[in-house]
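Hi everyone, thanks for having me today. Could you put the structure up on the screen so that we can walk through it together?

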Amino acid sequence: MRMHWLVCLVAVVGCKKEPAAPGVEAPAAPASTSEQDALWQLAPDGAQIGVVGSPRGLAMIERGAVAIDAMLAAAPDLAPLHRKVLEAWTRATGSPTLGLAALGFSASQGFAMFGSDTDHAALVLPLVDRKRFVALLRHHNDGDADVFEQDPLDGTACKPFRGRYVCADKPVLFDKLGHGNLAALRARAGARGDLELVGQGFGSAPSSTFAVAVQLEPGTVVVRGMVGGLPSQVTSALGNPIRPRDGAATSAGFGVFDVSPFVAGAPPIPIARGVTLAQLGRSLAGPVHFAIPTGAHDLATLDLAMRIPLNDPAPAKLLVEHCAEIPGVGPLGASFKNGACHMSVPNLNTEIDVWVDGNELRIGRRAEARAAPIEPSRLSTELAQGAWSVAMFGRGSYFAVANLPVMMAALSRLPPEMSVLPRLLPLFNEFGVGVRKDGDAVHFVLGLRMLWANPPDVVDQVLAISQAQIASGQATGTAAKIAASTPRSPFAQDVGAGAGGMLAVIAPLGIVAGVAVPAFLDYMKRSKQAEAALLGPPTHAD
């Protein structure tokens with residue numbers, strides 16, 4: 001589990017860079033794709049999956065690994081994890097130094113992998129030291145080929161091919177190299193990246209396809225692509241694309257998702273006095289929008305600011321007035337007062353109001369929050385200006401959490417394999433995802449930004465915050481001083497955004513878990529009881 005976390009971190013850490021403006025650089029297509037194009041041309045005939053990486057992408061992954069190693073080495077509380085990582089690497093490569101050179105590789109070349117159900121896999125490796133590479137594994141020579149005899153390459157033959165070092169687990173693949181056409185599928189990603197992945201026709205889904213481009217900048221990764229050939233059961237669950245509300249880009253978090261596919265054709269089951277599920281479903285006029293204001297420093301001040309458009313507010317008004325009667329909601333302390341239903345959400349340890357404002361059903365805090373503006377990031381701008389079937393975004397800093405010691409103390413009681421979480425969470429500052437359906441396909445963008453998107457001096461200062469400072473509560477003040485001394489850094493903007501944005505993508509799930517799921521389970525129980533009462537006891541004929 002810990003190694004999994006490290007792999008995820010390495011992918012987005014990258015290298016250091018010069019000071020940045022508040023508008024964080026968004027990864028884009030590489031300046032040159034000639035190396036990737038040449039590698040795609042090596043795809044063998046019949047290949048169903050392909051992965052190609054540029055020299056730049058490989059270099060950034062290597063630098064990310066080195067940066068993570070430096071972070072682990074500098075943190076006394078992470079010393080056991082750092083020791084295990086180095087021990088594993090040394091056993092595998094014979095070298096205590098992290099880097100491609102220990103494997104005989106170099107970032108002067110790209111790399112590729114191609115595979116299929118029948119011919120298995122072919123690898124194009126960025127090899128510069130053949131002697132070093134083959135010395136790591138048991139092998140014998142067969143002409144100009146190195147044939148390996150140790151897992152995971154047991155039986156694999158590697159040899160020079162068109163100026164590259166190519167490995168294949170079946171000899172027939174060497175004759176097929178260069179006769180495939182995965183490059184045409186790659187174009188369906190709609191973007192180029194330092195890492196590119198494609199696939200088509202797998203097993204029981206011969207019409208399925210996917211094409212993905214991974215774009216990298218230091219501390220930031222954006223994944224763009226499409227998945228095609230999806231069954232209607234999947235695409236029908238996604239609403240029509242729509243743009244999030246104006247101003248979302250400057251919020252700490254925002255999102256849009258359509259619930260109409262789930263309530264369409266709902267049965268006329270009573271859910272509160274004078275309101276049925278069917279009536280409520282028909283009254284919805286569009287997707288749910290939410291926009292979390294900046295400045296929230298704990299769950300108690302978190303405002304979801306949800307808005308659900310209505311074509312008929314009458315059912316929603318009745319629902320709000322009689323919210324204490326809704327199955328599963330009464331135990332949450334729901335009560336109607338001053339035109340709103342007030343209740344607690346146990347999963348989020350917070351309170352919310354539900355009320356009708358004109359032709360909208362509102363969920364959040366009725367008292368309008370006074371939010372300080374922040375500079376929009378490139379990812380937030382892209383998601384806010386696009387049209388999506390589902391979109392969610394969150395930005396902020398865990399160092400802005402008012403009760404950070406309590407939060408980290410709770411995390412420290414997790415199982416040992418998750419004990420690195422208190423160290424990792426403050427490194428994450430932004431997450432966003434947008435999904436748009438198009439026929440039997442979905443197009444998507446997914447972005448993640450971490451501390452390393454900041455200037456080097458900011459990175460060094462934040463990494464110097466110790467676990468003891470976090471546990472004592474001093475980390476919050478230290479982070480605020482760092483932000484104040486570098487006001488144009490992304491870190492300063494993230495601290496100013498507060499902590500609420502980082503909960504943007506899970507807050508709706510908390511409401512679903514704390515309110516909607518209990519209500520639904522109670523509704524199912526009552527509906528079965530009602531059905532049994534109507535039908536009476538079973539007979540022998542039944």
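I'll go through some strands, the disulfides, a helix, and then a few single residues. Please keep in mind that this is a predicted model.

Let's begin with the strands. Find strand β3, which covers residues 120–125, and strand β2, which covers residues 111–116. These two pair in the antiparallel sense, over five bridges. Now look at Leu 123 in β3: standing opposite is Met 113. Strand β3 also has four bridges to strand β7, residues 164–168, and here too the two run antiparallel. Which residue of β7 stands opposite Leu 123? That would be Cys 167. So when you click on Leu 123, look for Met 113 and for Cys 167.

Cys 167 takes us to the disulfides. For anyone who hasn't met the term, a disulfide is a covalent bond between the sulfur atoms of two cysteines. How many disulfides does the count come to? The count comes to two. One of them joins Cys 167 to Cys 158, with the sulfur atoms 2.0 Å apart. Turn the view to look along that link: the angle about the S-S bond is 110°, and the link is right-handed. Are these two cysteines buried or exposed? Both Cys 158 and Cys 167 are buried.

The other pair to find is Cys 323 with Cys 341, at 2.1 Å from S to S. This link is right-handed as well, with 95° about the S-S bond. What does the pair tie together? Cys 323 sits in the loop between α11 and β16, while Cys 341 belongs to strand β17, residues 340–345, so the disulfide ties together parts that are 18 residues apart in sequence. Cys 323 and Cys 341 are also both buried. If you number the bonded cysteines along the chain, the pairing reads 1-2, 3-4.

I just mentioned α11, so let's stop there. This helix spans residues 314–321, and its buried residues are Pro 315, Ala 316, Leu 319 and Val 320. Try looking down the helix axis: those buried residues fall within an arc of 135°, so they line one face of α11. The background is that an α-helix has 3.6 residues a turn, so residues three or four places apart point the same way.

Next, the aromatic rings. The count here comes to seven aromatic pairs. Ring pairs link Phe 105, Phe 133, Phe 148 and Tyr 165 into a cluster. There is also a ring with a charge over it: the charged end of Lys 159 sits over the ring of Phe 174, 4.5 Å from the ring's centre.

Now two residues with something in common in their backbone. Arg 162 has a positive phi of about 50°, although it is not a glycine. You'll find Arg 162 in the loop between β6 and β7. Its relative accessibility is 58%, so Arg 162 counts as exposed. Then there is Asn 338, with a positive phi near 55°, and it is not a glycine either. Asn 338 lies in the loop between β16 and β17. Is Asn 338 buried or exposed? With a relative accessible area of 64%, Asn 338 is exposed.

For a contrast, go to Asn 454, in the loop between β22 and α15. Asn 454 is buried, with a relative accessible area of 2%. A polar atom of the Asn 454 side chain lies 2.9 Å from the backbone oxygen of Leu 451.

Strand β22 brings us to strand β10, which runs over residues 220–228. Eight of the nine residues of β10 are buried, so this strand is largely enclosed by the rest of the structure. β10 pairs with β22 in the antiparallel sense, over eight bridges. Within that pairing, Val 223 has Leu 446 of β22 as its bridge partner.

One more stop: Val 263, in helix α9, residues 260–263. Val 263 is partly exposed, at 22% relative accessible area. How far apart are Val 263 and Ala 278? They are 15 residues apart in sequence and 7.6 Å apart in space, going from C-alpha to C-alpha.

That's my tour, and I'm happy to go back to any part of it.

Technical notes
Residues are numbered from 1 along each chain as its sequence is written. This is a predicted model: local features need pLDDT of at least 70, side-chain atom pairs count only at pLDDT 80 or more; totals for chains, interfaces and linings use all residues. Side-chain values use heavy atoms; hydrogens and water are left out. Two strands pair if DSSP finds at least two bridges between them. Buried means under 20% relative accessible area, exposed over 50%, partly exposed in between (1.4 Å probe, protein chains only). The arc is that of the directions from the helix axis to the C-beta atoms. A disulfide is a pair of cysteine sulfur atoms within 2.5 Å. Rings of Phe, Tyr and Trp (its six-membered ring) pair if their centres lie within 6.5 Å; planes under 30 degrees apart count as stacked, over 60 as edge-to-face and the rest as tilted. A charge sits over a ring if NZ of Lys or CZ of Arg is within 6 Å of the ring centre and within 35 degrees of the ring normal. A polar contact is a pair of N or O atoms within 3.5 Å; within protein, one must be able to donate a hydrogen and the other to accept it, and residues adjacent in sequence count only if both atoms are side-chain atoms.
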